[in-house]
Amino acid sequence: MIGSVGYPDWISRLSDRVQELGSISDPIVQTAFDEIISEGRVSISTGESLFLHADLIDVMLLGHAIKKSRYDNEIYFNSNLHVNTTNICVLACRFCAFRRGPKAQDAYALSVDEYLDRIRPFSSRIDEVHSVGGLHPEWDVTYYANLISSAKEKYPHLSMKCLTAVEIKHLSQISEISISEVLSKLIDAGLTSLPGGGAEILDDEVRKVICNGKESSEEYLDIHRTAHLLGIPTNSTMLFGTIETASQRINHLDKIRKLQDETRGFQCFVPYPFLPDRTRLPQAQHSTGNETLRTISISRIMLDNVPHIKAYRMNIGDHLSSLALNAGADDVDGTVGHEEIMHEAGSQTSVEDDLDRLSRLIEDAGGVPIRRSTTYDHFEIHRRRPPSDGDKWVSLPVADMI
Ligand code: SF4
């Protein structure tokens, strides 16, 4: 499997972890637990009942027990920087507060030099650049290959996690080459992995309403499949709380796990709720804290073959993230440094580039902060030294993870 850590035999550890955390009294959660023990996988109908009828605390308990079975108390994060390349976009997804038309006063498109200037102040303390943006009407694959190779030339230590599936599709259309050729050119330029954004809900009826014109569900999956077959890992996401039903959420999770059965290329799944500010989707449901935590736990419960579940701080905030780390998430958004997409939609989360503060959040949630590489193949424990030793945070190599 690409980029995996933890206990491969986690199912055999699950009963003990559940007992350590308490006991399951909800019959639906008990059924989910029994299905994992006997089949290794929770059925679609049980998953749907977890959304609709199960007790939240028990759902969280099972999500957290699975997380602990897989990783004990380790919580992963990376030291990264978000750089959005452009907010100009030829589409106008109804949930999106980020995109601008080319003539908007605050429309921007970074040149390669401006892109490198954004990275420079952070370059010595980050491991990854996470870059996504709008679908620029003129930029083709050559532009992005140049952007990525220029960044790699200047900062060879950085991983480049760039371009969502719809951006890859757009580059394929504008450059008149196949998806596979686009990805191959970008990999040659230094692309490390794809972020998971743009999955929204993998149901074409929902997509027609919330992001008409974007790639179809099947195209999203095909682009990730192609990336996996070309040897690079990807993440996947789920944007919930717009107009979808519980059944559509569960089908989304099932599509991800079916593709993962085939390719083993997904590293991390990132479920996050719709943020309604300044968007054009008045009919959207607004997710409560309950629903956000429930969805993160159910993601952990359903996605038995996806290694990591992320609490996306930039969207759900630090407070809910620290609860999510006790509900199934084992990974938390990194240092970030700068973020526009969620903040345009109303996120108040600090983008302060502070490793110690992030590590404190993880410790307060009962976790051990593990700084990881983009592809989960290099780890350091970020620990606070005792007061007698200066009370400073230090990163220590992890000789032998778990
Ligand atoms: S979500 Fe992406 S593709 Fe859709 S309008 Fe916003 S920037 Fe464009």
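**Notes on the predicted model**

1. Let's start with helix H12, residues 289–302. Its 14 residues, at 1.5 Å a residue, should span 20 Å, and the end C-alpha atoms are indeed 20 Å apart, so expectation and model agree. Bear in mind that this is a predicted model.

2. How many of the 14 residues of H12 are buried? Eleven are, so the helix is largely enclosed by the rest of the structure. The buried set is Thr292, Leu293, Arg294, Thr295, Ile296, Ser297, Ile298, Ser299, Arg300, Ile301 and Met302. Residues three or four places apart on an α-helix point the same way, because there are 3.6 residues a turn. With that in mind, have a look at how the buried list runs without a gap from Thr292 to Met302.

3. Next, the four-stranded sheet. The sheet is open, with parallel pairing and the strand order S2-S3-S4-S5. At the edges sit S2 (80–82) and S5 (191–193), each of which pairs on one side only. From one strand to the next, the twist averages 35°.

4. Inside that sheet, S3 (residues 128–131) and S4 (residues 159–162) are joined by four bridges in the parallel sense. If you want a pair to click on, histidine 130 has lysine 161 of S4 as its bridge partner. Helix H6 (residues 141–154) packs on this sheet and touches S3, S4 and S5. The direction of H6 makes about 160° with that of S4.

5. Strand S8 (residues 308–311) deserves a point of its own. Are its faces covered or open? Both are covered: His308 and Lys310 are buried on one side, Ile309 and Ala311 on the other. In a regular strand, side chains alternate between the two faces of the sheet, and the split in S8 puts His308 and Lys310 on one face with Ile309 and Ala311 on the other.

6. S8 also has partners to check. S7 (residues 266–273) runs parallel to S8 and is joined to it by two bridges, with cysteine 268 standing opposite histidine 308. S9 (residues 331–332) likewise runs parallel to S8, again through two bridges. There, alanine 311 has valine 332 of S9 as its bridge partner.

7. Finally, the ligand. Which residues surround it? They are Cys89, Leu91, Ala92, Cys93, Cys96, Phe98, Arg99, Gly134, Leu135, Val166, Cys211 and Lys214. By class, this shell comes out as nine nonpolar, one polar and two charged residues. Cysteines in the shell are Cys89, Cys93, Cys96 and Cys211.

Note on methods. Residues numbered from 1 in each chain as written. Predicted model: local features only at pLDDT ≥ 70, side-chain atom pairs only at ≥ 80, totals over all residues. Pairing = 2+ DSSP bridges. Axes fitted to C-alpha atoms, helices over the stretch in contact; angles between N-to-C directions. Contact = placed C-beta atoms within 7 Å. Expected span 1.5 Å × (residues − 1). Buried ≥ 20, exposed ≤ 12 C-beta atoms within 10 Å, placed from the backbone. Near = placed C-beta within 6 Å. Nonpolar A, V, L, I, M, F, W, Y, C, P; charged D, E, K, R; others polar.
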